[in-house]
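Hi everyone, thanks for coming. I'd like to walk you through one structure today, so please get the viewer open and follow along.

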Amino acid sequence: MNGNERIEFLEAIINSYAIDEEKGIYKEYAPPKTEDIPYAYLFSQFGLTGMLYFAVKSGLEVKKQYKSALDGLNYYRSMPYDDDSIKYHSERGENYNGGHATCFFDDNIWVARNNLFAYEIFGKKEYLLEAQRITRYIYKGWDEELGGLVWNELGLTPKGSEQDLERGLSANACCIIVNSLLYQITGEESYLNWAKKFYKFCKRMQDPVTKVYYNGVHTIVEDAKKHSGAINKDLYAYNSGSMILADILLHEITNDDNYLQDAIACAHATHKAFLVDKEDNLKYYDGFNWFTAILIEGYQALVEYPKTPDSDRELVLSYMDMVKEGLTYSFDNFKSEYGLLPHDYTIGWRDNEPEETKVFDRLFLTQTGLAEMVFLTADK
């Protein structure tokens with residue numbers, strides 16, 4: 001896609017999902033149905049802000065839309081805690097600090113990362129302070145005995161289900177990223193210590209042979225006591241993508257080559273694990289598109305990192321070119337009347353599939369994930 005086509009796609013997403021663009025209020029599904037929830041979930045809102053960050057980085061003049069989307073996060077926010085920590089709820093309130101429903105630790109640390117993105121672009125200290133407040137809240141979810149961050153606040157209570165108690169890689173890996181960035185910005189040693197604690201835990205989820213990362217560690221409760229269970233071996237591309245990003249940051253900080261070697265091995269292994277190569281279709285990566293977008297973030301970081309060996313850089317560039325080719329094909333062949341793309345972007349729309357899978361074409365996070373991949377793979 002050229003610059004005009006990228007702008008066209010971004011405008012189509014804003015036009016289809018915005019309820020009030022100036023206030024950063026968006027809906028979860030388009031086209032809407034009567035049974036839909038009224039507003040986007042938190043993960044869709046921070047998916048939007050992440051996409052707009054990469055749109056800005058790719059050269060598009062969209063800082064105004066980016067700032068509005070960031071302001072929209074405040075509707076999911078809770079009132080500040082006494083210890084100057086802050087949390088975000090999964091559903092939007094009608095006013096600032098009016099968020100409600102479950103607080104997920106993985107959602108919150110991704111919001112912290114997006115605040116650090118905003119600090120980079122706008123240079124306003126309020127974004128740095130907010131990332132620090134969220135990070136202080138995140139530490140409350142760390143299990144000191146077993147290691148790792150539980151999925152949500154219910155995992156800190158006796159009522160927590162097996163899912164609530166799972167210590168997933170997504171949240172813990174993003175904690176490495178956020179704490180590493182905070183260390184680079186502030187120089188405070190405690191952030192680096194936390195980054196290394198989270199990293200040590202995450203390595204438990206890496207396959208020692210293939211080098212891909214699995215999804216989490218189960219927690220078993222017996223006689224009111226918690227124990228570590230088996231590894232959850234589900235594969236999602238964003239887990240490996242997050243660890244590639246974490247590895248590069250820790251290599252930059254420590255110059256320990258083990259981190260860079262891990263990032264490279266993980267990138268190649270994840271390409272192999274997720275690649276779908278059908279004879280009658282373009283190649284693509286299996287799985288949810290926003291997850292793939294985080295993997296592409298990892299790829300881009302490896303390509304841009306000066307210490308990545310040239311041979312590996314060329315291979316990773318070829319992986320990104322494969323994604324770019326598929327997205328260009330989709331824009332040329334499957335663009336809807338509203339200017340949107342299908343979740344299965346190299347194959348087409350899910351018109352004849354069951355509702356539970358067809359809904360992926362309507363999701364806000366599907367479109368922002370696709371757009372993020374467009375911006376990440378754009379020619380600089």
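Let me start with a term. When I say that a charge sits over a ring, I mean that NZ of Lys or CZ of Arg is within 6 Å of the ring centre and within 35 degrees of the ring normal. Please also keep in mind that this is a predicted model.

With that in hand, have a look at Tyr39. Over the ring of Tyr39 sits the charged end of Arg92, 4.2 Å from the ring centre. There is another case at Trp194, where the charged end of Lys197 lies over the ring, 4.0 Å from its centre.

Staying with rings, let's turn to how they meet one another. How many aromatic pairs does the structure hold? The count is 29. One of them is Phe54 with Phe117, an edge-to-face pair with 5.7 Å from centre to centre and 75° between the planes. Phe54 belongs to helix α2 and Phe117 to helix α4, residues 105-122, so this pair ties together parts that are 63 residues apart in sequence. As for exposure, Phe54 and Phe117 are both buried.

A second pair to click on is Trp142 with Phe201. These rings are also edge-to-face, at 6.5 Å centre to centre and with 75° between the planes. Trp142 is in the loop between α5 (125-138) and α6 (162-165), while Phe201 is in helix α8 (residues 189-202), so the pair ties together parts that are 59 residues apart in sequence. Here too, Trp142 is buried and so is Phe201.

Rings can also join up into a bigger group. Ring pairs link Phe46, Trp110, Tyr236, Tyr238, Phe288, Trp290, Phe291 and Phe360 into a cluster.

From there, let's go to helix α11, which covers residues 289-304. Its 16 residues, at 1.5 Å a residue, should span 22 Å, and the end C-alpha atoms are indeed 22 Å apart, so expectation and model agree. Is this helix enclosed or open to the outside? Of its 16 residues, 15 are buried, so α11 is largely enclosed by the rest of the structure.

Now for two single residues. The first I'd like you to find is Asp36, in the loop between β2 (25-26) and α2 (42-57). Why does Asp36 count as buried? Its relative accessibility is 19%, and the cut-off for buried is under 20%. What does its side chain reach? It comes to 2.7 Å from the backbone nitrogen of Lys33, and it makes a polar contact of 2.6 Å with the side chain of Arg362. Setting aside residues up to four places away in sequence, Asp36 touches Tyr29, Pro31 and Arg362.

The other residue is Ser16, which you'll find in helix α1, residues 3-17. Ser16 counts as buried because its relative accessibility is 14%. Which residues is Ser16 in contact with, leaving aside neighbours within four places in sequence? They are Lys27, Ala30, Tyr338 and Leu340. Pro32 is 16 residues from Ser16 along the chain, and their C-alpha atoms are separated by 9.3 Å.

Let me finish with the sheet. As a reminder, strands of a sheet pair through backbone hydrogen bonds, either parallel or antiparallel. Here, 3 strands make an open sheet in the order β3-β4-β5, with antiparallel pairing. β3 (167-168) and β5 stand at the edges with a single partner strand each, so one side of each is left without a neighbour in the sheet.

Going pair by pair, β3 and β4 are joined over 2 bridges, and Gly168 has Gly216 in β4 as its bridge partner. Strand β4 (residues 216-222) and strand β5 (residues 225-232) pair over 6 bridges. In that pairing, Ile220 is matched with His227 in β5, and Glu222 with Lys225.

Between those two strands of the hairpin there are 2 residues, and Asp223 takes a positive phi near 55°. That's my tour, and I'm happy to go back to any of these spots on screen.

Methods. Residues numbered from 1 in each chain as written. Predicted model: local features only at pLDDT ≥ 70, side-chain atom pairs only at ≥ 80, totals over all residues. Heavy atoms only, no water. Helix = DSSP H or I, 4+ residues; strand = E, 2+ residues; numbered from the N terminus. Expected span 1.5 Å × (residues − 1). Buried < 20%, exposed > 50% of the residue type's maximum accessible area, 1.4 Å probe, protein only. Polar contact = N/O pair within 3.5 Å; in protein donor to acceptor, adjacent residues only side chain to side chain. Contact = heavy atoms within 4.5 Å. Phe/Tyr/Trp six-rings, centres within 6.5 Å; stacked < 30°, edge-to-face > 60°. Pairing = 2+ DSSP bridges.
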